[in-house]
Amino acid sequence: MTAIKRVFSGIQPTGVPQLGNYLGCIRNWVSLQKDEDGNKATGTSRELFYSIVGLHSLTVPRDPESLRRNTVEAAAALVACGIDPARSVLFRQSAVPAHSQLSWVLACITPVGWLNRMTQWKSKLQQQHTKQQQQQQQQHGAAGSHGGLVADNGINMPNVGSAAAKNLLTGLFTYPVLMAADVLLYNATHVPVGEDQVQHMEFTRDLAMHFNKQYKRRVFVMPEIMMSATMRIMSLQDPQRKMSKSDPAELSRITLTDTDDQIRLKIKKASTDSIREISYDPELRPGVSNLLAIYAGLKDIHPTAAAQSMASFNNRQLKEAVVEAVVSELSPIRQEIVRLLGDQGYIEKILCENEAKARDVAQANWKIIAECVGIEA
């Protein structure tokens, strides 16, 4: 990996983050600040840009007041987790107009085919495709007409031109371009991501190369991927699915403001299995492995090492160990979030000051990009 000069990463404003966000993203952001202390000691420099990406959240309908509240809660949570506004530029994406401006420029050179093969888009499209087939089968019977839909045989999957895409929103299709703009606007050299975002980063690199080639100038650097060391954290109730705040089951996730008792209850009721002793095997033992991943992420060890240290434990003892680790980590964070949300003027001040810094960097780069393509900045 080349020297880390500028880092960009973003998080959606879904309110107070859940444990999966914390272990897979936020904790890594904080650790990069600590690494920056070492960089300063050696005379090298690193810039950290962390954005609350409200524009991305608009790909699904949002209540405006809830979105504003969730943005403040997300900012407070990030500061409570250890993001230092003096060492990191913490800002709202929507407060920097150049994000949208660059997104349009990049969209104008992005082939539709590139977007059509994005995994998350295909997943949404397939869900809609399946839903339409089920509706038609209910109306006409299992042997009825498919109404022009392509059979789900794995050969001809639905695409942006199919009936399945008719009611999906354009933002869902084009948001990888905005994500690329977020990164490229700051000429980030490194981007911390989880495994589910690797394809988006590959898309970003392809788009940067495509732009440089089309305009015959090296405007964008090629950002490198920084993979999270923490395994993906799954739902406590259904460990085949990622932990998510959109899951209607409250017991499926731990949020950073959960009380100690709520954490104990949720982990106590977490899915496990009947196999004796503890081992790490995500395929055969997804529930137990998920608890081990949580424990390991908090202890900065590999889940296999966590399993070895608890090999003789039963499920109750494993859950007790996980409860202790989670409560110890999150209790002070919860208290700080509550304190910060009681002083929202301070949060607004942090964001406004950092947004001025972000705009300075973004606007300088946008002027170069605009000149390159022949428009006014």
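Let us start at a bend in the path: N187 sits in the loop between α7 and β4, a strand that covers residues 190-193. The phi angle of N187 is near 50°, a positive value in a residue that is not glycine. Most residues other than glycine have a negative phi. Keep in mind as you look around that this is a predicted model.

A second residue of this kind waits further along the chain. D300 is not a glycine, yet its phi is positive, at about 60°. D300 lies in the loop between α10 and α11, the latter made of residues 303-309. Is D300 buried or exposed? With a relative accessibility of 61%, D300 counts as exposed, because the exposed class begins over 50%.

Now step back and take in the whole protein. The protein has 13 helices and five strands. Its radius of gyration is 22 Å, close to the 21 Å that the globule rule gives for 377 residues, so the protein is as compact as a globular protein of that length. Along its principal axes, the C-alpha trace spans about 70 × 65 × 40 Å.

How does the chain meet itself within that space? Among contacts between residues at least 6 apart in sequence, 74% join residues at least 24 apart. Of the 377 residues, 48% count as buried. The protein exposes about 18500 Å², and carbon and sulfur atoms supply 51% of that area. As for charge, there are 41 positive and 37 negative charges, and their mean positions are 3 Å apart.

With that picture in place, we can visit some residues one at a time, following the chain. T71 belongs to helix α3, which runs through residues 64-81. T71 counts as buried because its relative accessibility is 12%, and the buried class holds residues under 20%. Which backbone oxygen does the side chain of T71 reach? The partner is the backbone oxygen of L67, at 2.8 Å. Leaving aside neighbours within four places in sequence, T71 is in contact with P13, I52 and R92.

Past helix α3 comes P85, in the loop between α3 and β3, a strand of residues 89-92. Although P85 is in a loop, it counts as buried, at 17% relative accessibility. Beyond its neighbours within four places in sequence, P85 is in contact with I350, N354 and K357. Looking along the chain instead, P85 and A98 are 13 residues apart, and their C-alpha atoms are separated by 21 Å.

Next is F173, found in helix α7, which is formed by residues 170-184. F173 counts as buried, with a relative accessibility of 9%. To place F173 against a far part of the sequence, look for I369: the two are 196 residues apart along the chain, and 24 Å separate their C-alpha atoms.

Helix α10, residues 286-299, is home to N290. How large is the relative accessible area of N290? The value is 3%, so N290 is buried. Once neighbours within four places in sequence are set aside, N290 is in contact with R232, I233, M234, S235 and L236.

In helix α12, which takes in residues 315-341, you will find I333. I333 is buried as well, with a relative accessible area of 7%. Outside its neighbours within four places in sequence, I333 is in contact with Y22, A80, C81 and L256. Two of these partners, A80 and C81, fall in the range of helix α3, residues 64-81. E65 lies 268 residues from I333 in sequence, and the two are 25 Å apart in space, C-alpha to C-alpha.

Our last stop is C372, in helix α13, which spans residues 344-373. C372 is buried, with a relative accessible area of 14%. Which residues is C372 in contact with, leaving aside its neighbours within four places in sequence? They are F211, Y215, R217 and V219. For a view across the model, find G82: C372 and G82 are 290 residues apart in sequence and 39 Å apart in space, C-alpha to C-alpha.

How values were computed. Residues numbered from 1 in each chain as written. Predicted model: local features only at pLDDT ≥ 70, side-chain atom pairs only at ≥ 80, totals over all residues. Heavy atoms only, no water. Helix = DSSP H or I, 4+ residues; strand = E, 2+ residues; numbered from the N terminus. Rg over C-alpha atoms; globule rule 2.2 N^0.38 Å. Buried < 20%, exposed > 50% of the residue type's maximum accessible area, 1.4 Å probe, protein only. Contact = heavy atoms within 4.5 Å. Areas by Shrake-Rupley, 256 points an atom, 1.4 Å probe, with all protein chains shown as cover. Lys, Arg positive; Asp, Glu negative; His and termini not counted. Charge placed at Lys NZ, Arg CZ, Asp CG, Glu CD. Polar contact = N/O pair within 3.5 Å; in protein donor to acceptor, adjacent residues only side chain to side chain.
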